[in-house]
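Colleague: Before I use any of these terms at the bench, I would like to see the reasons behind them. Could we go through them in turn?

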Amino acid sequence: MQLVESFLTCYGWPGAALAGVLLLTFGLQLYYYIFVYGRIPGYKNNRRAATRQEEPPVSVIVPMFSEDYSFVEERLPLILAQSYPDFEVVIVYVGHDTDFYEDLGQLKASFPQIVTTKIHLDPRFPISRKMALNVGIKSAHYECMVFTSTDAVPQTDRWLSLMAKGFQRGDIVVGYCGLEPAKGFTNYLMRTWRMMHSVDWIARAVRRRPYRGTLHNYGFTKSLYFGANGFSHLNMNIGEDDLFMQRVMTRDNVSVILSPRAMLREKTWGGMKWWMSQLRYYGSSFRFYPRGVKWYIRWEMISRVLFFAAVVAATVLLPLEFGLAAAGLLVLRYAAVAVEVRRIARRLGEGGIVLRYFVYDLLSPLWAAALRVLLLRRDDRVWR
């Protein structure tokens, strides 16, 4: 009690309030990075009870919305070269180029794993990714299905075998997909944003409270899909990897596959403008998330902004010793964050993240605020 009175005498009630904000937000930051995100590096999916005794045959389903020769020549061979004994690759071509579709069909002579199907593209009736996936699911010959995109590149030949093992312990399998590395600070920010926002849903999944996956690297069974009567939110062109998954995910039916050998990388097709457009498009589903999930995602960012603001206020407005104490908390917080981010990045197969992470740490709240402003305006690409 005497210590409290001395503190109030020196710094007053404003100082006490600021100290309370500092300690509370510092504690929240440590909770997120150590006790929530910190579970990711040591996670082992084999702790879940087995539901299948053998590794199942798998259908890899890839929707294709253009005559993407770079996918056929560069990325499709990496999928076909996967070290797994029993799988097929179902390519759903949405278009009207008959010659291109015939070329796809001819690949089957060299690669019998390939299954092709076509949806004729009519500008009057746009085809969504969900519609293409639905056709691919019906064309697939196997119960267990893994979904990816033409932009995603497996990093090793073990990707599919690790994802397939996930079906031994769940009807849903989720894995990580990063962005391809390139030169420049913009690419660094984009890669780090992808990793840290993936950490949000991965951390919940390993705690058996899943709410989404990533459309480039996830899977589920036919029985689960048809048992749920197919995809939800059919008035939207998005949502197959989050809004639909929120309907079918439970505590016990999700396998989380975390390994550098099981990761994919998405090709980037531009800089910050392209990336913000992507975030706005796919972020339009966030408003439909459960309230608890929304606040789980928001509180890390909110507590970080409040902590930074409190440190600045303490160093500017209060005596030197108070400012030094606040700066000490800032250093401790960043040390803990850097250690955990490094551990997470190693587990996910990301490199070159930690050394510049303090810049992302400071800038990402501004980036998130800009994205939130963009999301206030309806994105017509989302709605059917």
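Modeller: What follows takes the rings, the cores and one sheet, with the criteria behind each term.
This is a predicted model, in which local features need pLDDT of at least 70 and side-chain atom pairs count only at pLDDT 80 or more, while totals for chains, interfaces and linings use all residues. Residues are numbered from 1 along each chain as its sequence is written, and side-chain values use heavy atoms, with hydrogens and water left out.

Colleague: Why is the pair Phe 231 and Phe 244 called edge-to-face?

Modeller: Rings of Phe, Tyr and Trp (its six-membered ring) pair if their centres lie within 6.5 Å; planes under 30 degrees apart are stacked, over 60 edge-to-face, and the rest tilted. The centres of Phe 231 and Phe 244 are 5.0 Å apart and the planes stand at 70°, so the pair is edge-to-face.

Colleague: What makes Trp 274 and Trp 275 a tilted pair?

Modeller: Their ring centres are 6.0 Å apart and their planes are at 40°, so the pair is tilted. Trp 274 and Trp 275 are both buried, meaning under 20% relative accessible area (exposed is over 50%, partly exposed in between; 1.4 Å probe, protein chains only). Phe 231 and Phe 244 are buried as well.

Colleague: How do you know that Arg 356 sits over the ring of Tyr 188?

Modeller: The criterion is NZ of Lys or CZ of Arg within 6 Å of the ring centre and within 35 degrees of the ring normal. The charged end of Arg 356 is 4.3 Å from the centre of the Tyr 188 ring. Arg 204 likewise lies over the face of Tyr 296, at 5.0 Å from the ring centre.

Colleague: What makes a set of residues a nonpolar core?

Modeller: The members are buried Ala, Val, Leu, Ile, Met, Phe, Trp, Tyr and Cys residues joined through side-chain atoms within 4.5 Å. The largest such core has 75 residues, and Tyr 37 and Phe 220 touch the most other members. Helix α6 (residues 185–206) gives the largest share, 12 residues; helices (H or I, at least four residues) and strands (E, at least two) are DSSP runs, numbered from the N terminus. Another core, of 31 residues, lies apart from it and includes Phe 71 and Leu 264.

Colleague: Why are β5 and β7 called edge strands?

Modeller: Two strands pair if DSSP finds at least two bridges between them. The open sheet has 3 strands in the order β5-β10-β7, with mixed pairing. The strands β5 (152–154) and β7 (177–179) each pair on one side only. Between β5 and β10 (residues 264–266) there are 3 bridges, and these two strands run antiparallel. Pro 154 stands opposite Leu 264 in β10.
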